Amino acid sequence: MQMQATSDYLLQAVTQAIEHKRPLYIRGGGSKDFYGNSQAATSQHTILNTTNWQGIVDYEPSELVVTARAGTSLADLEKLLHEQGQMLAFEPPYFSTATTLGGCVAAGLSGPRRAYAGAVRDYVLGVQLLDGQGSILSFGGQVMKNVAGYDVSRLMVGAMGTLGVLLEVSLKVLPRPETERTLCIQTSQPDAIHFMRRCSAEPLPVSATCFLDGRLYIRVSGPESAVRTAHSRLGGDIIADGADFWESIRDHTYSFFQQGKSAEQSLWRLSIQPTAPSLSLPGKQLIEWGGALRWLLTDKDTDATIIRQQAANAGGHATLFYGDKTTVSAFHPLSPALLKIHQRLKQQFDPLGIFNPQRLYPEIQPCKPI
Amino acid sequence: MKRKQLIAAFLQFLPEEAVLYETEELRPYECDALSAYRQLPMLVVLPRTEAEIIKILQICHAEQVPVVARGSGTGLSGGAQPHAEGVLLSLAKLNRILEIDPLACTARVQPGVRNLAISEAAAPYGMYYAPDPSSQIACSIGGNVAENSGGVHCLKYGLTVHNILRLRVLTIEGELLEIGSEAFDSPGFDLLALMTGSEGMLGIITEITVKLLPKPETVQLVMAVFNEISLAGEAVANVIQAGIIPAGMEMMDKLTIHAVEDFVHAGYDLEGAAILLCESDGMAEEVASEIEQIQAILRASGAIRIRVARDEAERQLFWAGRKAAFPAAGRVSPDYYCMDGTIPRKHLARVLEQIEQLSEKYNLRCMNVFHAGDGNLHPLILYDATQPGELEKAEAFGARILEICIEFGGSVTGEHGVGIEKLNQMCLQFNDAERNLFHAVKAAFDPQALLNPGKAIPELHRCAEFGAMHVHQGTEKFPDIPRF
């Protein structure tokens with residue numbers, strides 16, 4: 001009965017938003033309220049709370065698939081998988097204990113394992129969503145291989161809720177590795193980047209890398225014997241609290257990231273070509289994903305244009321993660337050709353522009369929200 | 001614009017041999033590997049550069065001429081079937097590997113490059129490209145992206161969508177879209193995923209950056225024989241439940257085993273009802289421990305015989321049998337119809353049972369080979385096209401298999417695409433609102449529907465007609481599937 005009430009609430013909220021052409025701000029646990037462009041709700045705006053739309057719909061460990069409602073707590077979901085010796089291989093960031101599956105998929109952020117096991121989008125098999133015309137639609141499914149129709153499921157990943165309300169998500173899951181060991185090597189930044197790339201180009205069971213303050217951390221995962229051999233090849237000292245270290249990098253509780261939340265500083269996320277040499281930007285850097293993710297902690301007044309230009313020159317893009325987004329857009333500008341496609345897709349999925357205006361790119365809105 | 005004017009316009013910037021219009025020149029393009037359906041295009045163009053493609057598209061867009069892209073023509077669902085009033089855009093001449101970057105683990109290639117050629121070029125660096133459709137010796141990477149092709153290694157290493165980073169795509173207007181990047185993600189919507197598997201309906205791919213993986217240090221293969229196919233199916237679930245993701249897990253039924261053994265002499269056991277091939281790759285220690293575990297699980301799951309390939313040559317031989325299943329079908333039957341459906345693995349035994357019943361009903365033999373690890377079935381329906389009515393029976397049999405896949409929560413295509421072959425079944429897998437959204441996605445890229453029209457996503461009227469065909473004694477087959 002409670003789920004029926006929640007389902008009615010979601011449907012009614014969307015129907016009313018359509019009727020009144022009034023924006024809806026989709027919100028799960030709110031763990032990523034900071035992420036993306038700010039969209040302060042006013043009295044005329046409705047927050048669509050999805051946290052009651054929760055529960056595991058289906059879980060078959062031998063099928064490697066779990067289906068859950070979007071409001072399901074990520075912690076509950078991962079606990080269930082853990083009990084069966086399985087995991088979400090993309091190691092989703094939590095940022096707070098309130099985080100939900102829907103928010104995880106909508107934000108499209110992946111954790112330390114991403115460079116070695118794939119991103120959240122790589123594990124999404126299917127979604128059920130509520131579109132901007134009030135229709136409930138299903139795409140993809142619970143099977144590993146499915147090429148029927150366009151891949152709308154993965155299109156939802158990272159769309160920040162601008163294309164519809166996620167109702168259910170089916171994810172591929174993987175077995176948890178038998179053993180994990182975190183190694184630490186003292187080195188310089190250029191050498192660390194090169195070392196990380198060599199690790200990726202060789203058949204070693206590396207599952208995470210991180211460089212900061214002259215130390216390169218490497219996590220190896222797999223059967224005990226393979227982990228031991230990998231350690232002997234890579235060298236380095238074993239870190240005793242490896243699991244805590246990676247969790248603090250994943251959830252930004254590590255001091256480097258905490259500084260990014262201060263009023264005087266900004267934290268930028270630069271996703272670039274992994275082989276790009278050290279970036280010369282003011283501030284401090286933390287490097288993940290075998291060189292492909294460079295976090296920049298910098299003074300809040302550092303020119304965003306210069307940061308974005310450097311990221312683009314290095315084959316990627318820059319996101320303002322923590323910082324003042326009133327004058328700087330959170331996300332890297334799109335080329336005019338890509339922006340046009342974004343606008344047209346938004347128009348098709350959400351013709352009245354009710355879902356999360358401003359949050360991703362304000363300029364994709366089909367019409368001005370009231 | 002008349003055909004002649006169009007030819008003249010193309011000859012302004014293309015050499016004579018790059019514009020084909022005589023019937024005998026067009027004939028090789030009349031179908032892809034789904035040869036039951038044939039259609040001559042109005043004309044064929046063979047550009048060599050992206051700049052030439054832009055001009056071709058601009059002309060076609062201005063003149064409202066449909067454009068169908070084609071790679072090597074190995075597609076199995078008629079996705080590259082020409083349009084009678086359209087231009088067939090062959091990308092075969094864009095066949096250069098532009099760059100291999102072993103440290104970035106990437107290769108930048110043109111769409112006409114063969115799948116296997118990428119791994120061959122990467123081999124000196126100790127790397128390879130993982131998705132390996134069975135046609136990899138011939139199929140082009142552009143076609144792989146268009147169909148989101150899979151293969152034996154997909155359970156562990158993913159489909160095409162998991163193994164590409166960046167695309168250069170031209171819209172029908174000839175505008176360039178740079179989708180994805182050399183980085184691991186891009187801002188905005190995941191257009192890279194949307195483009196992958198879109199069957200040439202959204203844009204023309206002119207360049208692809210693929211991910212390369214380091215070649216595993218060791219590879220080992222186990223072959224297990226089962227007396228009952230359902231036991232083999234359970235064995236697959238047991239291996240995965242134990243926390244092992246094999247690099248490949250393939251199954252063949254008795255009819256297939258006999259057909260391929262006669263052909264390849266792979267040393268298969270002819271006594272059993274099913275053979276399971278299970279491969280492990282990784283570091284030597286990892287593989288040794290996995291192979292031990294796999295053998296124990298298969299034994300406990302009822303395997304009557306287990307063989308570990310003695311050496312690389314024997315491993316290749318065991319695989320050669322599986323990979324020759326399709327040509328082997330061609331040897332035991334004048335014609336065969338290859339299906340491609342996916343089901344949750346747990347329903348394998350029940351689905352195979354139903355296929356067997358259909359085989360009796362239609363009086364047509366059916367060889368079953370499948371990617372057991374990911375539930376992707378490839379029933380090969382054997383028939384003789386010279387016998388009146390057999391093709392129609394084979395098609396009806398195949399269509400029913402796809403419907404069964406949907407009933408069991410699967411999909412009408414795992415890796416071959418919808419093309420023209422499975423349009424009717426798309427009406428069952430998706431309701432009208434979902435199909436409408438597909439059309440809306442198409443419209444966002446190609447508002448006038450000039451790219452590969454009539455493929456992949458059925459029009460609503462087609463589904464209405466198809467739905468009506470299935471009303472039997474007033475009872476709909478799938479009452480829970482919304483209809484209009």
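## A small sheet in chain B

Let's start with a single pair of residues: Ala69(B) has Leu89(B), in strand S4(B), as its bridge partner. Keep in mind as you look that this is a predicted model. The pair belongs to a meeting of two strands, since S3(B) and strand S4 (residues 87-90) of chain B run parallel and are joined by 4 bridges.

Now step back to see the whole sheet. It is open, has 4 strands in the order S1-S2-S4-S3 (chain B), and its pairing is mixed. At the edges you will find strand S1 (19-20) and strand S3 (67-70) of chain B, each pairing on one side only.

## Helices across the chain B sheet

Two helices are worth finding here. Helix H1 (residues 3-11) of chain B lies across S1, strand S2 (43-45) and S4 of chain B, and runs at about 10° to S2(B). Helix H3 (residues 50-63) of chain B lies across S2, S3 and S4 of chain B, and runs at about 165° to S4(B).

## The sheet of eight in chain A

Let's move to chain A. Here an open sheet of 8 strands follows the order S13-S10-S12-S11-S15-S16-S14-S17 (chain A), and the pairing is antiparallel. Which strands stand at the edges? They are strand S13 (237-238) and strand S17 (317-322) of chain A; each has a single partner strand, so one side of each has no neighbour in the sheet.

For a look inside the sheet, try strand S15 (residues 284-288) and strand S16 (residues 293-299) of chain A, an antiparallel pair with 5 bridges. In this pair, Gln285(A) stands opposite Leu296(A) in S16(A).

Helices pack on this sheet too. Helix H8 (residues 224-234) of chain A touches strand S10 (179-186), strand S11 (206-212), strand S12 (215-222) and S13 of chain A, and its direction makes about 5° with that of S10(A). Helix H9 (residues 242-250) of chain A touches S10, S11, S12 and S15 of chain A; the direction of H9 makes about 70° with that of S11(A).

## Where the two chains meet

How many residues of each chain are in contact with the other? The count is 72 residues of chain A and 87 residues of chain B. Together the chains bury about 6600 Å², with carbon and sulfur atoms giving 63% of this area. Lys145(A), Val147(A) and Tyr150(A) supply 15% of the area that chain A buries against chain B, more than any other three residues.

Lys145(A) also forms a salt bridge with Glu415(B), where the closest N and O atoms are 3.0 Å apart. Across the interface there are 8 salt bridges, and 27 residue pairs are in polar contact between the chains. Helix H12 (residues 336-349) of chain A gives the largest share of the side of chain A that touches chain B, with 9 residues. By class, that side has 36 nonpolar, 20 polar and 16 charged residues.

Technical notes: Residues numbered from 1 in each chain as written. Chains lettered and ligands numbered in written order. Predicted model: local features only at pLDDT ≥ 70, side-chain atom pairs only at ≥ 80, totals over all residues. Heavy atoms only, no water. Contact = heavy atoms within 4.5 Å. Buried area = accessible area lost by both parts, 1.4 Å probe. Salt bridge = Lys/Arg side-chain N within 4 Å of Asp/Glu carboxyl O. Polar contact = N/O pair within 3.5 Å; in protein donor to acceptor, adjacent residues only side chain to side chain. Nonpolar A, V, L, I, M, F, W, Y, C, P; charged D, E, K, R; others polar. Pairing = 2+ DSSP bridges. Axes fitted to C-alpha atoms, helices over the stretch in contact; angles between N-to-C directions.
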